[in-house]
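Hello,

Here is the structure I promised to hand over. Please open it first, then read the notes below it.

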Amino acid sequence: MEGTSTAVPFKNLHSREYQGHKKKVHSVAWNCTGTKLASGSVDQTARLWHIEPHGHGKVKDIELKGHTDSVDQLCWDPKHGDLIATASGDKTVRLWDARSGKCSMQTELSGENINITYKPDGTHIAVGNRDDELTILDVRKFKPIHKRKFSYEVNEIAWNMTGEMFFLTTGNGTVEVLAYPSLRPVDTLVAHTAGCYCIAIDPVGRYFAVGSADSLVSLWEISEMLCVRTFTKLEWPVRTISFNYTGDYIASASEDLFIDISNVHTGRTVHQIPCRAAMNSVEWNPKYNLLAYAGDDKNKYQADEGVFRIFGFESP
């Protein structure tokens, strides 16, 4: 098996549950050191959790309050373990200090924000809204420096590792590749027969993966822009995907009642994590094989549970 000297003993690993939100969790994200996890919820808050990869202690969390609508997506500064940006349906994007829980910067944009991602060097943030408009923010001033409205449905956005390429997944089943910072179109990859929902860049910088409404995940070589394989285990539209820190495993999830973990190099499933509801977000820790996941979990009274889980602990 390429890249890994030892296979991860997924069968022996367990999940733990984290409670705090009052409504369902839309998004989970790890900071660059892998020590903190952020969760964003329909309850209009984000929460930050200090996670010890081998620890058992009581988990402390702090609440980030200020948004007046659902916190749909969040992302950490890739160079700073205590700075996090949140995007909300209230049209604002906010930057927070994870130590104090205070909002240090905010800007109001023109629409309901559903996507947010940092440029890998931490200098810019890209935000996508429900009207297929892309805004690039300069992080230092926290002001827009580019705006672009697209004529097609834009689902998810990502930079490549060097920050010279910018990817958009579209409702037409394509991945649009733009040069950065010019945002000039470079390539259109016809990736799927139905809309492309999500994209993940492998941490080694060799591949990116695309999840689609056709229930497939496609793996692309960045250097050649060629599809090298597809992962076919899911039966429902793929909502969320993530590579592990070594780039050897990919997790994907949907309305299927399991999260698939496959070997990137062989395409074979190595483990499935059972879940009770459709998943909204899966994300691997950047330093350890810990996978955070959050979905539409309901309790027995059919109310939102507001939980997320982390898989990868050696004991429950």
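Start with Leu-219: its opposite number in β21 is Arg-229. Keep in mind that this is a predicted model. Leu-219 belongs to strand β20, residues 217–221. Strands β20 and β21 run antiparallel and are joined by 5 bridges.

Now the sheet around that pair. It is open and has 4 strands, ordered β18-β19-β20-β21. The pairing is antiparallel. The edges are β18 (196–201) and β21 (226–231). Each of these two has a single partner strand, so one side of each lacks a neighbour in the sheet. On average, neighbouring strands here are turned by 25° against each other, direction ignored.

Next, the rings. The whole structure holds 12 aromatic pairs. Two of them are worth a look.

- Phe-10 and Trp-284 form a tilted pair, with 6.3 Å centre to centre and 55° between the planes. This pair links distant parts of the chain, 274 residues apart. Phe-10 sits in the segment before β1 (14–19), and Trp-284 in strand β26, residues 279–284. Both Phe-10 and Trp-284 are buried.
- Phe-208 and Trp-220 form a stacked pair, with 6.1 Å centre to centre and 5° between the planes. Phe-208 is in strand β19 (residues 207–212) and Trp-220 in strand β20, so the pair ties together parts 12 residues apart in sequence. Phe-208 and Trp-220 are both buried.

Phe-10 and Trp-284 also belong to a cluster. Ring pairs link them there with Tyr-249 and Phe-311.

There is one charge to check as well. The charged end of Arg-16 sits over the ring of Phe-313, at 3.8 Å from the ring centre.

Last, the core. The largest nonpolar core has 16 residues. Which of them touch the most other members? They are Phe-10, Ile-259, Ile-261, Leu-291 and Phe-311. Phe-10 and Phe-311 are thus named both here and in the ring cluster. Two or more core residues come from each of β23 (249–253), β24 (258–263), β26 and β27 (291–295).

Ile-259 has a long contact list, leaving out residues up to four places away in sequence. Among its contacts are Ala-251, Ser-252 and Ala-253. The list also includes His-271, Gln-272, Ile-273 and Cys-275. Met-279, Val-282, Leu-291 and Tyr-293 are on it too.

Over to you.

Best wishes

Conventions. Residues numbered from 1 in each chain as written. Predicted model: local features only at pLDDT ≥ 70, side-chain atom pairs only at ≥ 80, totals over all residues. Heavy atoms only, no water. Pairing = 2+ DSSP bridges. Axes fitted to C-alpha atoms, helices over the stretch in contact; angles between N-to-C directions. Phe/Tyr/Trp six-rings, centres within 6.5 Å; stacked < 30°, edge-to-face > 60°. Buried < 20%, exposed > 50% of the residue type's maximum accessible area, 1.4 Å probe, protein only. Lys NZ or Arg CZ within 6 Å of the ring centre and 35° of its normal. Core = buried A, V, L, I, M, F, W, Y, C linked by side-chain atoms within 4.5 Å. Contact = heavy atoms within 4.5 Å.
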